[in-house]
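Q: Got a minute to go through this one with me? I'd like to talk about helix packing, then pockets.

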Amino acid sequence: LAGCDSGFGQATARHLDALGFQVFASVLDPQGPGAQELRTSCSPRLTLLQMDLTKPEDIQHVLQHIQAHTNSTGLWGLVNNAGFNDTIADAELSPLGKFRACMEVNFFGSLELTKGLLPLLRSASGRIVTVSSPAGDLPFPCLAAYGASKAALSLLMDTFRNELQPWGIKVSIVLPGYYKTGTTCDPAFWNLQKQRLVASLPPELLQAYGEDYVEEINRQFIQFMKVAVEDLSAVVNSITDGLLAANPAVRYYPGQGLGLMYFIHRYLPYFVRDLFLKGFFINPKLPRALRREHHSEGKV
């Protein structure tokens, strides 16, 4: 189970441990509060493993440990849950490095871990459950770096689902609504990220969009965070169903409003979907260079 420092991963590790499973839970920080919480609340069966998905040597270490402990039985389930995003901004304003960082954790890290564990999963005809995001299906404003990585992840898992069918491996994707997990709901974290972003932007780009444009996106996002759901049980139940049901769903959509969102996405014109996403999530103001007062300033 990858990404158990907080949120869905931590809650799922606790739940599966309580059901009596032998759980290998990876954490970024073995001394962090999330890891300590798992140590105190779970049985001795649970094994904590340190893993940074951007470090191949960490992944190899985890693979070797799991292999040594499951060689005779095989591995029943892999839960790809680790996720990363620290940028809320237009694609043009998001540094290329942020796109790479999201792909590194959300896509390449999950790909490497999945490929490494496939021999054990094949021998048990096991399950793969991956937490992706509706942002990988729909063009949420200001989430391009995160959304693109999750789109790649969802497609990859769909491909695995087709290819691994002959081996008896079932593959499911979980696409949660907006939940309160880790730093994703900490306004101080996002304010700091916004300041760093503004400081890193080329002057002409900052001039074209305006600092107030970035401020407004951040303000709306922090406002949106207030609707984040604290009860993670719907997501934990979806992951558990993907692991244990005789016929698990190909896709799970835990969370409010997702049915309507996907209905609009599939059946209504693009402009309706785009308006809905702006109304639901973030509706950026007009960039500075396009505002009337800016044009009139230029004519004086």
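Q: How far apart are the axes of α4 and helix α5, and at what angle do they cross?
A: Bear in mind that this is a predicted model. The α4 and α5 axes come within 7 Å and cross at roughly 20 degrees. Angles under 35 degrees count as roughly parallel, so α4 is roughly parallel to α5.

Q: And is the crossing of α4 and α5 left-handed or right-handed?
A: The α4 and α5 crossing is right-handed.

Q: Which residues meet there?
A: On the α4 side you have K98, F99, C102, M103, N106, F107, S110, L111, T114, K115 and L118. Helix α5, residues 144–163, answers with A144, A145, Y146, A148, S149, K150, A152, L153, L156, M157 and F160.

Q: How do the residues of that contact divide by class?
A: The α4 contact with α5 has 15 nonpolar, four polar and three charged residues.

Q: OK, what about α3 and α4, how do they pack?
A: Their axes are 10 Å apart, at an angle of about 20 degrees. That angle makes α3 roughly parallel to α4. The crossing of α3 past α4 is right-handed.

Q: Which residues in α3 and α4 meet?
A: From α3 it's P56, I59, Q60, L63, I66, Q67 and T70, and from α4 it's G109, E112, L113, G116, L117 and L120. By class, the α3 contact with α4 counts seven nonpolar, five polar and one charged.

Q: Going back towards the start of the chain, at what angle do α1 and α2 pack?
A: About 10 degrees, with the axes of α1 (residues 7–18) and α2 (residues 33–41) 11 Å apart. These two are therefore roughly parallel to each other. Q10, A13 and R14 of α1 make the contact with G34, E37, L38 and S41 of α2. Sorted by class, the α1 contact with α2 holds two nonpolar, three polar and two charged residues.

Q: Switching to pockets: how much space lies in the second largest pocket?
A: About 410 Å³. There are 25 residues lining the second largest pocket, and Q22, V23, F24, L75 and G77 lie nearest its centre.

Q: Which elements supply at least two residues of that lining?
A: β1 (24–27), α3 (56–70), β3 (77–80), α4 (96–124) and α9 (233–244) each do.

Q: How many of the lining residues are charged?
A: None. The lining of the second largest pocket has 19 nonpolar and six polar residues, with no charged ones.

Terms used: Residues numbered from 1 in each chain as written. Predicted model: local features only at pLDDT ≥ 70, side-chain atom pairs only at ≥ 80, totals over all residues. Heavy atoms only, no water. Axes fitted to C-alpha atoms, helices over the stretch in contact; angles between N-to-C directions. Helix = DSSP H or I, 4+ residues; strand = E, 2+ residues; numbered from the N terminus. Parallel < 35°, antiparallel > 145°, perpendicular 65-115°, else oblique. Contact = heavy atoms within 4.5 Å. Nonpolar A, V, L, I, M, F, W, Y, C, P; charged D, E, K, R; others polar. 1 Å grid on protein atoms, 1.4 Å probe; cavity = no way out; pocket = protein on both sides within 12 Å on 5 of 7 lines; lining within 4 Å. Points joined across faces, edges and corners; volume = space filled by probe spheres on them. Left-handed = near helix turned anticlockwise from the far one by under 90°.
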